[in-house]
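The exercises below concern one predicted model. Work through each task with the sequence and the structure open, then compare with the solution.

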Amino acid sequence: MEDLRPSRRQVLGLAALGGTALTLGGLADSAVAARPVVQPTTYGPAILTAAMRGATRVGDKVYQTTRYLVDGEHLRIVEADLTTGEVTWVADVDVPGSGSGAGGLMMASDGTYAYVGMAGNASIFRLDPQTHAFEAWVEAGPAGAWWYDMAIAGDWLYLSSYPDCTVRRVHLTTKEVQTYGVVSESRYANSLAVTDSHVYGGANAPGGIKEWALDATGTDGRDITAYLGEGRTIPIKMAYSNGLLYIGTGKFVVSFDPTDGTQHVARPLLDSKDRYIDFMCVTADGAVYAIARTSGNIYRCDADQLVKVGQALEDDGQNNFLGEYEPGVLVGTGDSGRFWKMTLGEEPEVFSTVEDAGYPDRAQDLIRHSNGTIWVAGHGASQVHDLAAGSKVRVDNFGEIKALAEVGDGSVYGAIYPGCTITRFDQHTVERTDVATLTGQYRPALMSYDDRRNQLVVVSGPHIGGNQGAVSFVDLADHAVEVRTDYLPDQSVRGLHVVGDIAYVAGDTHGEGTGPVAPVAQIAAIDLNTRELLWRAEPRSDVASYERIIMRGGKLYLMARRPRGDLITYDPETEAVELVTNLGGYGGMDVKGRRLMTWVHWELEISHITPTDSVRALYSDVTNGWYNNPRFAFEPERDGTWGMYGLELAWFPFRA
């Protein structure tokens with residue numbers, strides 16, 4: 001094979017390569033040719049989801065709000081009867097001011113009304129279950145606020161928010177808004193608990209818990225983070241009962257007396273599939289129950305241990321609600337839109353809303369299988385289209401599959417967010433089996449099948465609050481995993497291109513919501529036979545984040561995220577850097593033969609970067625239907641790609 005390794009000046013251990021001279025050799029040739037009149041062929045909705053986020057109970061009804069605005073403008077609210085399991089009302093309601101198409105994030109009920117906190121809206125909305133009237137009830141926070149927790153106690157609705165990491169309350173009658181204060185230096189106030197005398201607010205990484213007296217709004221509050229115990233700072237969900245504050249944190253449910261931290265008990269989660277506790281409730285008899293993400297295990301928090309009392313929605317990405325329906329009966333909802341009711345000591349009854357309340361979803365990823373079928377991953381579900389047979393199969397799955405890959409035996413693997421679980425689909429039955437977890441990683445970006453070594457190569461980012469991503473290898477013979485965090489220090493890994501025996505990777509210094517630690521984004525080459533780092537480089541000293549990396553003709557093509565949309569080339573042998581063009585944004589990039597393609601969903605354009613580095617736009621005004629970056633899915637015999645046109649599966653021919 002062609003030797004694509006750099007000169008000795010670039011080998012690991014030598015000086016960083018920032019400051020390499022930038023030339024504009026490709027820019028003068030980047031005139032955009034006239035766009036041909038070619039239209040994609042569409043095949044209907046690519047994937048159906050019933051993904052929900054907010055949920056609560058009012059009487060014998062459970063209410064859920066969609067995770068997204070179903071058409072970019074309207075929130076879908078679903079009402080279902082807990083006695084029959086039937087969906088009794090579905091409505092798409094107007095929620096002006098919500099950003100980025102984000103939907104309902106959190107709900108709460110005072111027994112009469114259901115309150116909705118949106119993702120990206122300063123207002124709290126209110127639903128009257130009797131009349132189904134829905135209104136913007138009160139503006140309670142900053143523009144674009146995300147309401148991560150809500151709790152009603154007495155005459156007040158208590159709220160915690162992003163991006164200001166602040167705890168507030170709103171009077172249920174007068175609508176007066178009072179602000180307690182900021183929990184910590186985090187941006188995410190993610191949890192609440194309210195007692196007769198105090199309110200507690202918790203924050204995501206780097207963490208923190210603050211206590212305020214109920215009438216002490218506008219004060220600094222008291223930091224009680226240390227009461228969580230050594231090595232613990234991050235609460236995820238909180239509850240209060242009989243003088244003790246209960247907190248789901250990591251792999252534990254911790255409780256203590258919040259006045260002085262005494263009576264401290266740390267109860268470990270019982271199942272290896274328990275990722276952490278993501279909802280808690282207190283029943284009328286004072287018992288505290290908690291439900292674990294990934295496993296769906298339901299626990300009672302006894303004095304010194306957790307006791308499993310049931311299991312529901314094992315393959316859901318998130319538990320959105322847990323509450324008491326009546327004495328001895330719990331109810332809950334999941335990310336998939338399913339809900340359940342469970343009499344303690346019995347198996348839960350699980351009900352689905354997808355047939356009545358499902359809606360077309362944006363694609364998380366899309367591939368063309370060698371058998372001609374098209375596989376589309378959505379939120380909480382995947383769908384296989386057999387267009388020749390005119391059939392399709394939809395299956396529920398945990399979370400969001402950010403990357404799909406077909407391997408040598410025809411199986412399809414998926415890399416799942418949250419948590420970087422690797423799952424395997426049987427190509428015939430579409431049955432799914434989790435086979436591996438990339439420990440320490442949280443958000444997969446790309447995955448490629450390395451056929452020479454029969455392994456998957458996966459690039460990923462860490463949990464929110466972290467910077468250290470990884471390049472991971474999954475051996476398909478036994479699903480053994482190696483997670484390598486040393487190739488690109490202090491960066492998430494976003495770009496990946498496997499060429500022969502080399503994997504090229506590209507980094508993002510901003511990590512997962514933390515801001516940069518490293519000053520300049522890097523790229524690297526890895527020998528796939530030895531897994532050794534061949535070289536690491538900083539092609540441009542002003543780039544903080546790369547989104548994609550592709551090798552073509554001995555040059556690496558790098559799509560920048562920061563600065564947004566710069567497309568540059570880097571020659572590993574000569575270190576030469578050239579600016580090809582600015583694409584107007586970042587997105588997908590792939591190569592078929594010598595044809596390099598870009599799909600910038602921010603600019604709604606699909607373009608061809610010619611072998612002479614001129615830019616030829618093939619499609620414009622391509623209505624975006626991707627949740628992540630677009631993915632090219634080429635046909636071996638036809639010149640074009642499968643993809644998303646709005647929310648529809650589409651074939652895009654490259655020539656008229």
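**Exercise 1. The second largest pocket**

Task: State the volume of the second largest pocket, and find which residues are closest to its centre and which elements line it.

Solution:
- Step 1. The volume of the second largest pocket is about 780 Å³.
- Step 2. The lining of this pocket has 32 residues, and those closest to the centre are Met150, Ala151, Met280, Cys281 and Val282.
- Step 3. Two or more lining residues come from each of strand 4 (52-58), strand 8 (104-109), strand 12 (146-153), strand 16 (189-194), strand 20 (237-241), strand 24 (277-282) and strand 28 (319-326).
- Step 4. Strand 12 gives the largest share of the lining, 5 residues.
- Step 5. By residue class, the lining of the second largest pocket holds 22 nonpolar, 6 polar and 4 charged residues.

**Exercise 2. Strand 12 and its partner**

Task: Determine how strand 12 pairs with strand 13, and what lies in the turn between them.

Solution:
- Step 1. Strand 12 and strand 13 (residues 156-162) run antiparallel and are joined by 7 bridges.
- Step 2. Within this pair, isoleucine 152 stands opposite leucine 157 of strand 13.
- Step 3. The two strands make a hairpin with 2 residues between them, and glycine 154 in the turn has a positive phi of about 60°.

**Exercise 3. Two open sheets**

Task: For the sheet that contains strand 8 and for the sheet that contains strand 16, give the strand order and the edge strands.

Solution:
- Step 1. Strand 8 belongs to an open sheet of 4 strands with the order 8-9-10-11 and antiparallel pairing.
- Step 2. Strand 8 and strand 11 (134-139) are its edge strands, each pairing on one side only.
- Step 3. From one strand to the next, the twist of this sheet averages 30°.
- Step 4. Strand 10 (residues 123-127) pairs with strand 11 over 5 bridges in the antiparallel sense; here serine 123 has glutamate 139 as its bridge partner.
- Step 5. Strand 16 belongs to an open sheet of 4 strands in the order 16-17-18-19, again with antiparallel pairing.
- Step 6. Its edges are strand 16 and strand 19 (222-223), each of which pairs on one side only.
- Step 7. Inside the order, strand 17 (residues 198-203) and strand 18 (residues 209-213) run antiparallel with 5 bridges, and tyrosine 200 stands opposite glutamate 211.

**Exercise 4. Two hairpins that share strand 36**

Task: Trace strands 35, 36 and 37, and name the glycine with a positive phi in each hairpin.

Solution:
- Step 1. Strand 35 (residues 379-386) and strand 36 (residues 391-406) pair antiparallel over 7 bridges, with histidine 385 opposite lysine 392.
- Step 2. Their hairpin has 4 residues between the strands, and glycine 390 takes a positive phi near 70°.
- Step 3. Strand 36 also runs antiparallel to strand 37 (residues 412-417), joined by 6 bridges; alanine 405 has tyrosine 413 as its bridge partner.
- Step 4. This second hairpin has 5 residues between its strands, and glycine 410 in the turn has a positive phi of about 90°.

**Exercise 5. Confidence**

Task: Decide which stretch of the chain calls for caution.

Solution:
- Step 1. The chain averages a pLDDT of 92, and 94% of the residues score at least 70.
- Step 2. Over residues 1-34, the pLDDT is below 50.
- Step 3. This stretch has 83 contacts in the model beyond near neighbours in sequence.
- Step 4. Where pLDDT is low, predicted coordinates should not be read in detail.

Conventions
Residues are numbered from 1 along each chain as its sequence is written. This is a predicted model: local features need pLDDT of at least 70, side-chain atom pairs count only at pLDDT 80 or more; totals for chains, interfaces and linings use all residues. Side-chain values use heavy atoms; hydrogens and water are left out. On a 1 Å grid over the protein atoms alone, a cavity is a set of points where a 1.4 Å probe fits but cannot get out, and a pocket is an open set with protein on both sides within 12 Å along at least five of seven lines; lining residues have an atom within 4 Å of a point. Grid points are joined across faces, edges and corners, and a volume is the space filled by probe spheres set on the points. Ala, Val, Leu, Ile, Met, Phe, Trp, Tyr, Cys and Pro count as nonpolar, Asp, Glu, Lys and Arg as charged, and the others, Gly among them, as polar. pLDDT is the predictor's confidence in each residue, from 0 to 100. Contact means heavy atoms within 4.5 Å. Two strands pair if DSSP finds at least two bridges between them. Axes are lines fitted to C-alpha atoms, for helices over the stretch in contact, and angles run from 0 to 180 degrees between N-to-C directions.
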